Amino acid sequence: MLARHLVIIGNGISGITLARHVRKMDSDTHITVISGESDYFFSRTALMYVFMGHMKFEHTQPYESWFWEKNRIELKKAWVQKVEFGERTLVFDSGEKMTYDVLVIATGSKPNKFGWPGQDLEGVQGLYSKQDLELMEKNTHQGVNRAVIVGGGLIGIEMAEMLAYKKIPVTFLVREKGFWDNVLPKEESELVGRHILEHHIDLRLETELKEILSDSKGRARAVITSKGEEISCEFVGLTAGVSPNVDFLRNTELNVTRGVKVDTFFQTNIPDVYAIGDCAEFENPPAADRRNIEQVWYTGRMHGETLAHNLCKKPVPYQPGIWFNSAKFLDIEYQTYGTVPPIWNDSEVKSFYWEHSSGKVCFRMLMNLDHQILGVNNFGFRLRHEFFDQVIREKWSGEKVISKLDKANFDPEFFAPYYLEIQKAFKAQFGGNFQPTKKSFIQKLFGASV
């Protein structure tokens, strides 16, 4: 009897995690991973460091090239043009075909475009794929006196840092009143906004792109903003979010809306066809505080792990656990755990917020009316994931969390122990039967203080 053929479209974190874990549990399944983007799986978050010259592209690959053959994971570099679900067949853009027994769609995201006039001009692009990186290197190689970035998300701030590193002046158009204020509370949004300005990036809040103007050669030469201003530029970065990369699956029998519709087992409406990662859209959110589409690295990994289990053992529903995310805003690190929305009802939620006098470090904790922790944001220092995963799951009181905050400190001891000031500020606002932690001998020795 022939082994089943598992075909995975997409070699990102979701698809590769799936392939690796299926192979761990099943030595017989024939596994093929297809990608037209790159020969091997790579760390997408490292693309900016390739652009900045800190590493070569091959250094972004977590596994040696021999890893795939040793684990009998076949890699095929090709673009899938269409899927003939009735025949269980993939058709590549070359005209070649491949059959499958089980198909997993893990095609990730693509940069959003909103029909702006001039959005397809030379020098206008998003940043998501290896091809986008190569295009950005070409588009900024020479002759760029100013760049304009449209959209204030995490990809936008990465692109701004990449351009600024190469001494290219940047204007940042953000339609909201504050940077990323559809995600961050007001104080955190303002902290990031100040930091952007301190890096000599021209941040324009409440300003949208209206049109991109062309020169005589079909290249971007300027943008027109929603305020009627014309800003000369030779490069335009479109970073107004991403959307599932599923256009080649539309107008088929597969249920596709924004993404490929799946249940909590990642099953689509077609037998033996699944979707995971950025391109999967849950019929219902997997948890009360989750969205239908999850576009975060660690959730993509969990999708792959869960589906691998389901393909090899007794199926279980996806259980995402406590929400977590991390990022960098230039040189300020950001972490969030649990539920911290941009706005909340003060009659239902209690907020504790502390900000360091430098204006570059802050900590926020939200609690319910019973003072149980709901979530935290922290900027400018690092806290331990396992600590907050536990305290949110076990619904610790805010007082208990703060009293044990030294246990969550991730930074080395000679770093400024911000948790000392946080404990003092919390006790001043909410009281509590605990004493702020004393400095360690090493902290006293190095004179670390805030």
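What radius of gyration does the protein chain have, and what would a compact globule with 450 residues have? The protein chain has 24 Å, which agrees with the value near 22 Å for a compact globule of 450 residues. The legends below refer to a predicted model.

**Figure 1. Overall view of the protein chain in the predicted model.** The secondary structure comprises 12 helices and 25 strands. Along the principal axes, the C-alpha atoms fill a box of roughly 70 × 60 × 45 Å. Of the 450 residues, 51% are buried. Among contacts with a separation of 6 or more, 61% join residues 24 or more positions apart. The accessible surface amounts to about 21400 Å², and carbon and sulfur atoms contribute 49% of that surface. The chain carries 54 positive and 58 negative charges, whose mean positions lie 4 Å apart.

**Figure 2. Strand β1 and its pairing with strand β2.** Strand β1 covers residues 5-9, and 5 of its 5 residues are buried, so the strand is largely enclosed by the rest of the structure. In a regular strand, side chains alternate between the two faces of the sheet. In β1, H5, V7 and I9 point one way, whereas L6 and I8 point the other way; all of these residues are buried. The partner strand β2, residues 30-35, pairs with β1 in the parallel sense over 5 bridges. Within this pairing, I8 stands opposite V33 of β2.

**Figure 3. Surroundings of V83 in strand β4.** V83 belongs to strand β4, which spans residues 80-84. Its relative accessibility is 8%, so V83 counts as buried, the cut-off being under 20%. Leaving aside residues up to four places away in sequence, V83 touches I9, T89, L90, Y100, L103, F248 and L249. One of these contacts links the view to Figure 2, as I9 is a residue of β1 that is itself buried. Another contact is with F248; V83 and F248 are 165 residues apart along the chain, yet their C-alpha atoms are separated by 8.2 Å.

**Figure 4. The open sheet containing strands β9, β16, β10, β11 and β12.** This sheet has 5 strands in the order β9-β16-β10-β11-β12, and the pairing is parallel. Strands β9 (124-125) and β12 (202-205) stand at the edges; each has a single partner strand, so one side of each is left without a neighbour in the sheet. Strands of a sheet pair through backbone hydrogen bonds, either parallel or antiparallel. Strand β10, residues 147-150, is joined to strand β11, residues 170-174, by 4 bridges, and the two strands run parallel. In this pair, V148 stands opposite T171 of β11.

**Figure 5. G178 in the loop between β11 and α6.** The loop that holds G178 lies between β11 and α6. With a relative accessible area of 10%, G178 is buried, since the limit is under 20%. Apart from residues up to four places away in sequence, G178 touches S189 and L205. G178 and G12 are 166 residues apart in sequence, and the distance between their C-alpha atoms is 32 Å.

**Figure 6. H200 in the loop between α6 and β12.** Helix α6 (186-198) and strand β12 flank the loop in which H200 is found. The phi angle of H200 is near 60°, a positive value in a residue other than glycine. H200 has a relative accessible area of 73% and is therefore exposed, the threshold being over 50%.

**Figure 7. The hairpin formed by β13 and β14.** Strand β13, residues 209-214, and strand β14, residues 220-225, pair in the antiparallel sense over 5 bridges. The bridge partner of S214 is A220 in β14. Between the two strands of the hairpin are 5 residues, and G218 in the turn has a positive phi of about 80°.

**Figure 8. D272 in the loop between β18 and β19.** D272 is placed in the loop that runs between β18 (260-262) and β19 (273-275). Its phi angle is near 65°, a positive value in a residue other than glycine. At 28% relative accessibility, D272 counts as partly exposed.

Definitions and conventions: Residues numbered from 1 in each chain as written. Heavy atoms only, no water. Rg over C-alpha atoms; globule rule 2.2 N^0.38 Å. Buried < 20%, exposed > 50% of the residue type's maximum accessible area, 1.4 Å probe, protein only. Contact = heavy atoms within 4.5 Å. Areas by Shrake-Rupley, 256 points an atom, 1.4 Å probe, with all protein chains shown as cover. Lys, Arg positive; Asp, Glu negative; His and termini not counted. Charge placed at Lys NZ, Arg CZ, Asp CG, Glu CD. Pairing = 2+ DSSP bridges.
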